Amino acid sequence: MTTIVIEKSHEGTYKGFTCMGHAGFAKKGKPDILCSAVSALSIHTINGLEKVAGQDISVSTDESTGFMRCIINGDPNSGTVTLMDAFVNSVNDLSDEYGEKFLQVKIQEVNDNA
């Protein structure tokens, strides 16, 4: 199962997101379209944050475990908020379509200094 944790401050400001695990949706020997979709959305969002919104971010990944972490450094600008809103909407749609057995999306409150 893939878990996506959307991190927000107490005030509701986006602080980043973490993706963990492999969905396990595919039949043996077939590509996992759900993992591919989550990866594409995550990478698209990270690229958009950095290159379109001009947001300072920190990213770490581990392909073997399906781990991806994006930290938003500083206050998010309006472009960052729009991109993150779109990301959250898209991954929630995927979770609704494929089921929480394969993809869970959680909102987590984090320390404002995190």
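This passage describes a salt bridge, a buried helix residue and a charged surface patch in a predicted model.

A search of the whole structure finds one salt bridge, which is formed between Arg69 and Glu7, with the closest N and O atoms 2.7 Å apart. The pair links distant parts of the chain, since Arg69 lies in strand β4 (residues 67-72) and Glu7 in strand β1 (residues 2-8), the two being 62 residues apart. The partners are also described by their accessibility: Arg69 is partly exposed, with a relative accessible area of 22%, whereas Glu7 has a relative accessible area of 8% and is therefore classed as buried, the cut-off for that class being under 20%.

Helix α2, which spans residues 78-98, holds Thr80 as well as Glu97, and these residues fall into opposite classes of accessibility. Thr80 counts as buried because its relative accessibility is 0%. When neighbours within four places in sequence are left aside, the residues in contact with Thr80 are Leu49, Ala53, Gln55 and Ile72; of these, Ile72 falls within the residue range of strand β4 (67-72), the strand that also contains Arg69 of the salt bridge.

Glu97, by contrast, is exposed, with a relative accessible area of 59%, a value that lies over the 50% required for that class. Together with Asp93, Asp96 and Glu100, Glu97 forms a negative surface patch. Helix α2 thus carries both a residue that is buried, Thr80, and a residue that is exposed, Glu97.

Definitions and conventions. Residues numbered from 1 in each chain as written. Predicted model: local features only at pLDDT ≥ 70, side-chain atom pairs only at ≥ 80, totals over all residues. Heavy atoms only, no water. Patch = residues over 30% accessible without salt bridge, like charges linked within 9 Å, V, L, I, M, F, W, Y side chains within 5 Å. Areas by Shrake-Rupley, 256 points an atom, 1.4 Å probe, with all protein chains shown as cover. Salt bridge = Lys/Arg side-chain N within 4 Å of Asp/Glu carboxyl O. Lys, Arg positive; Asp, Glu negative; His and termini not counted. Charge placed at Lys NZ, Arg CZ, Asp CG, Glu CD. Helix = DSSP H or I, 4+ residues; strand = E, 2+ residues; numbered from the N terminus. Buried < 20%, exposed > 50% of the residue type's maximum accessible area, 1.4 Å probe, protein only. Contact = heavy atoms within 4.5 Å.
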